[in-house]
Amino acid sequence: MNSIHRQIGTKIERLNTGDLVFPVDFRGVDSEDAIKMSLSRHAKENRLERLWHGIYLKAGKVLAPEVIARAIAKKENVRIRPAGQSALYQLGMTSTQPSELTYLTDGEPRNIKIGNQRLIFKSTTAKKLSLSDTTSGLLVLALDELGKDQVTEKLTAQITEKLKSIDPKAWSKDLQLAAGWIYNLLLKLHQQPTK
């Protein structure tokens, strides 16, 4: 066990500070259980920070939760899309980063605490993940997660402003995938004459 632990430790030392580490990165060294046990020990020895079951961060550098979310999605070959307040933040429609960053995914649901923030992965439908990651897709995801009752005058004005710079190809596709009330709202705001 000690030689396996040292071997994994050597590989960890070669990583950059802030790199994400998964048990699959060490396959071939030993069994899955031995790898997980070694990673757990490295976390106790402060070489790694455990973020979630099977997800570690090489200690020493704080990464933005968005960077961690994209790295997890890439590593696990799953799709993610920001939703609700996270989508509004990404669109620049709120200046305050939410304490909970929510992503819809076709991967495993998770709730990861990173500093004073939380990274939440929520399972969703293929339809929602088919929305583009452009302005129109993010608006649909934000509105869908917030709900009809949360649409204020201020939010409506911000949406109207954002709709001035939408990608026409993505817009058409995203509108077709939107819920009826979101479709009606976005179409109405997009067709308003500009002042």
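Is Ser99 buried, exposed or partly exposed? In this predicted model, Ser99 counts as partly exposed, because its relative accessibility is 48% and the exposed class begins only over 50%. Ser99 sits in the loop between helix 4 and strand 5. Setting aside residues up to four places away in sequence, Ser99 touches Asn116, Gln117 and Arg118. Ala69 is 30 residues from Ser99 along the chain, and their C-alpha atoms are separated by 14 Å.

Follow the chain from that loop into strand 5. This strand covers residues 100-105, and Thr105 belongs to it. Thr105 has a relative accessibility of 1%, so it counts as buried. The cut-off for buried is under 20%. What does the side chain of Thr105 reach? It reaches the backbone oxygen of Arg79, at 3.0 Å. Arg79 is also one of the contacts of Thr105 beyond four places in sequence. Val78 and Ile80 are on that list too. So are Phe121, Lys122, Ser123, Thr124 and Leu129.

Thr105 also helps to line a cavity. Rolling a probe the size of a water molecule over the atoms shows where empty space is left. How many cavities of 30 Å³ or more are there? The count is 1. The largest cavity holds about 30 Å³ of space. Its lining consists of Ile72, Glu76, Val78, Thr105, Gly107, Glu108, Arg110 and Phe121. Val78 and Phe121 are contacts of Thr105 as well. By class, the cavity lining has 3 nonpolar, 2 polar and 3 charged residues.

Next, an open space. The second largest pocket has a volume of about 220 Å³. Which elements each supply at least two residues of its lining? They are helix 3 (65-76), strand 4 (80-82), helix 4 (84-90) and strand 5. The lining includes Glu66 and Arg70. Ile80, Arg81 and Pro82 line this pocket too. Further lining residues are Ser86, Tyr89 and Gln90. Leu101, Tyr103 and Asp133 complete the list. Of the lining residues of this pocket, 5 are nonpolar, 2 polar and 4 charged. Ile80, in this lining, is also a contact of Thr105.

Between helix 3 and strand 4 runs a loop that contains Asn77. Most residues other than glycine have a negative phi. Asn77 has a positive phi, near 55 degrees. Asn77 is exposed, because its relative accessible area is 71% and the cut-off is over 50%.

Asn46 also has a positive phi, about 65 degrees, although it is not a glycine. Where is Asn46 found? It is in the loop between helix 2 and strand 2. Asn46 counts as exposed, because its relative accessibility is 62%.

Asn46 follows helix 2, so turn to that helix. Helix 2 covers residues 32-44. Why does its span agree with expectation? At 1.5 Å a residue, its 13 residues should span 18 Å, and its end C-alpha atoms are 19 Å apart, so the two agree.

Which residues of helix 2 are buried? They are Ala34, Ile35, Ser38, Leu39, His42 and Ala43. An α-helix has 3.6 residues a turn, so residues three or four places apart point the same way. The cover over the buried residues of helix 2 includes helix 1 (2-14) and strand 1 (20-21). Strand 2 (48-52) and strand 3 (55-58) are also part of that cover.

Take Ser38 from this set. Ser38 lies in helix 2. Its relative accessible area is 0%, so Ser38 is buried. Which side chain joins that of Ser38 in a polar contact? The partner is His5, and the contact is 2.9 Å. His5 falls within helix 1 (2-14), part of the cover over the buried residues of helix 2.

The last stop is helix 9. Helix 9 covers residues 180-191, and Trp181 lies in it. Trp181 counts as partly exposed, because its relative accessibility is 23% and buried means under 20%. What does Trp181 touch, not counting residues up to four places away in sequence? Its contacts are Leu143, Gly147, Lys148 and Val151. Gln150 is 31 residues from Trp181 in sequence, and the two are 13 Å apart, C-alpha to C-alpha.

Key:
Residues are numbered from 1 along each chain as its sequence is written. This is a predicted model: local features need pLDDT of at least 70, side-chain atom pairs count only at pLDDT 80 or more; totals for chains, interfaces and linings use all residues. Side-chain values use heavy atoms; hydrogens and water are left out. Helices (H or I, at least four residues) and strands (E, at least two) are DSSP runs, numbered from the N terminus. Buried means under 20% relative accessible area, exposed over 50%, partly exposed in between (1.4 Å probe, protein chains only). A polar contact is a pair of N or O atoms within 3.5 Å; within protein, one must be able to donate a hydrogen and the other to accept it, and residues adjacent in sequence count only if both atoms are side-chain atoms. Contact means heavy atoms within 4.5 Å. On a 1 Å grid over the protein atoms alone, a cavity is a set of points where a 1.4 Å probe fits but cannot get out, and a pocket is an open set with protein on both sides within 12 Å along at least five of seven lines; lining residues have an atom within 4 Å of a point. Grid points are joined across faces, edges and corners, and a volume is the space filled by probe spheres set on the points. Ala, Val, Leu, Ile, Met, Phe, Trp, Tyr, Cys and Pro count as nonpolar, Asp, Glu, Lys and Arg as charged, and the others, Gly among them, as polar. The expected span of a helix is 1.5 Å times one less than its number of residues.
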